[in-house]
Amino acid sequence: MIVISNPVAVANEISIIHSLFEEGLSLFHVRKPEFTEIEMTHFIQQIKPEFRSKLILHTHHQIAGDFGIDKIHFSEKERNRVLAFPFKNKTVSTSSHSITDFNQLDSNFEYAFLSPVFKSISKNNYASEIDLFEAIKSRRNLKTKLIALGGISPENSKTTLENGFDGIALLGAIWNHKNPVNQFKSCQKIVLSYSL
């Protein structure tokens with residue numbers, strides 16, 4: 001299971017991130033699109049060193065090595081840069097918004113988000129115009145893991161996994177909830193019971 005950072009600052013954010021890791025979070029995407037390199041550096045410095053190997057950077061990839069981070073993410077728009085980026089010895093992920101786009105990804109990508117699966121919790125009026133559960137029946141790319149994003153919550157996590165996604169990513173379900181850590185644990189319990 002993956003959690004993506006809120007794009008803007010959140011009260012007690014670093015403390016919440018530490019708690020998520022302590023509860024078993026395996027991957028945390030640092031997506032702060034407005035951050036400068038200095039702001040990103042400061043943000044990562046606040047995260048305990050023992051958790052930094054579980055971070056994935058969406059921007060400022062050049063500083064990843066300074067913190068022992070070997071995972072980077074490319075947005076759909078930035079994906080063509082991957083060919084020019086020296087990502088040897090890096091785990092690379094990306095975003096996609098259609099199964100056709102996902103099917104065309106090369107095997108350099110360990111996983112890709114496909115979104116929005118449901119109406120977004122964090123973005124107003126953002127929802128898929130098609131049924132993605134139906135669309136992924138035409139999945140051809142089996143080398144890249146398919147991760148559901150967009151409106152994922154404890155209530156629909158099991159359904160999402162039962163309909164062909166390899167995993168889920170949480171954003172609004174965590175950061176828009178009054179108790180982010182309990183919300184994470186609710187989803188985690190469902191995911192773990194599904195994988196048994």
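## Exercises on a predicted model

Glutamate 162 and lysine 158 form a salt bridge, with their closest N and O atoms 2.8 Å apart. The model is predicted. The structure holds seven salt bridges. The exercises below start from this pair.

**Exercise 1.** Find how glutamate 162 and lysine 158 are placed in helix α5, and classify each as buried, partly exposed or exposed.

*Solution.*
- Step 1. Locate the helix: α5 covers residues 157–162.
- Step 2. Count along it. Glutamate 162 and lysine 158 are four residues apart, so about one helical turn separates them.
- Step 3. Recall the geometry. An α-helix has 3.6 residues a turn, so residues three or four places apart point the same way.
- Step 4. Check accessibility. Partly exposed lies between 20% and 50%. Glutamate 162 has 45% and is partly exposed. Lysine 158 has 43% and is partly exposed too.

**Exercise 2.** Work out which parts of the chain the salt bridge between aspartate 101 and arginine 79 ties together.

*Solution.*
- Step 1. Take the distance. The closest N and O atoms of aspartate 101 and arginine 79 are 3.2 Å apart.
- Step 2. Place both partners. Aspartate 101 sits in helix α3 (residues 99–103), and arginine 79 in the loop between β4 and β5, so the pair links parts 22 residues apart in sequence.
- Step 3. Apply the cut-off. Buried means under 20% relative accessible area. Aspartate 101 has 15% and is buried. Arginine 79, at 15%, also counts as buried.

**Exercise 3.** Describe the surroundings of lysine 71, starting from its strand.

*Solution.*
- Step 1. Find the strand. Lys71 belongs to β4 (residues 71–74).
- Step 2. Sort the side chains. Lys71 and His73 point one way, Ile72 and Phe74 the other, and all are buried.
- Step 3. Look across. β4 pairs with β5 (residues 91–96) in the parallel sense, over four bridges. Lysine 71 stands opposite threonine 91.
- Step 4. Find the charged partner. Lysine 71 forms a salt bridge with aspartate 70, with the closest N and O atoms 3.0 Å apart.
- Step 5. Set the two side by side. Lysine 71 is buried at 17%, while aspartate 70 is partly exposed at 31%.

**Exercise 4.** Decide whether helix α1 is largely enclosed or not.

*Solution.*
- Step 1. List the buried residues of α1: Glu13, Ile14, Ile16, Ile17, His18, Leu20 and Phe21.
- Step 2. Compare with the length. Seven of the 10 residues in α1 (residues 13–22) are buried, so the rest of the structure largely encloses this helix.
- Step 3. Look past the end. Glycine 24 follows α1, with a positive phi near 110°.

Notes
Residues are numbered from 1 along each chain as its sequence is written. This is a predicted model: local features need pLDDT of at least 70, side-chain atom pairs count only at pLDDT 80 or more; totals for chains, interfaces and linings use all residues. Side-chain values use heavy atoms; hydrogens and water are left out. Buried means under 20% relative accessible area, exposed over 50%, partly exposed in between (1.4 Å probe, protein chains only). Helices (H or I, at least four residues) and strands (E, at least two) are DSSP runs, numbered from the N terminus. Two strands pair if DSSP finds at least two bridges between them. A salt bridge is a side-chain nitrogen of Lys or Arg within 4 Å of a carboxyl oxygen of Asp or Glu.
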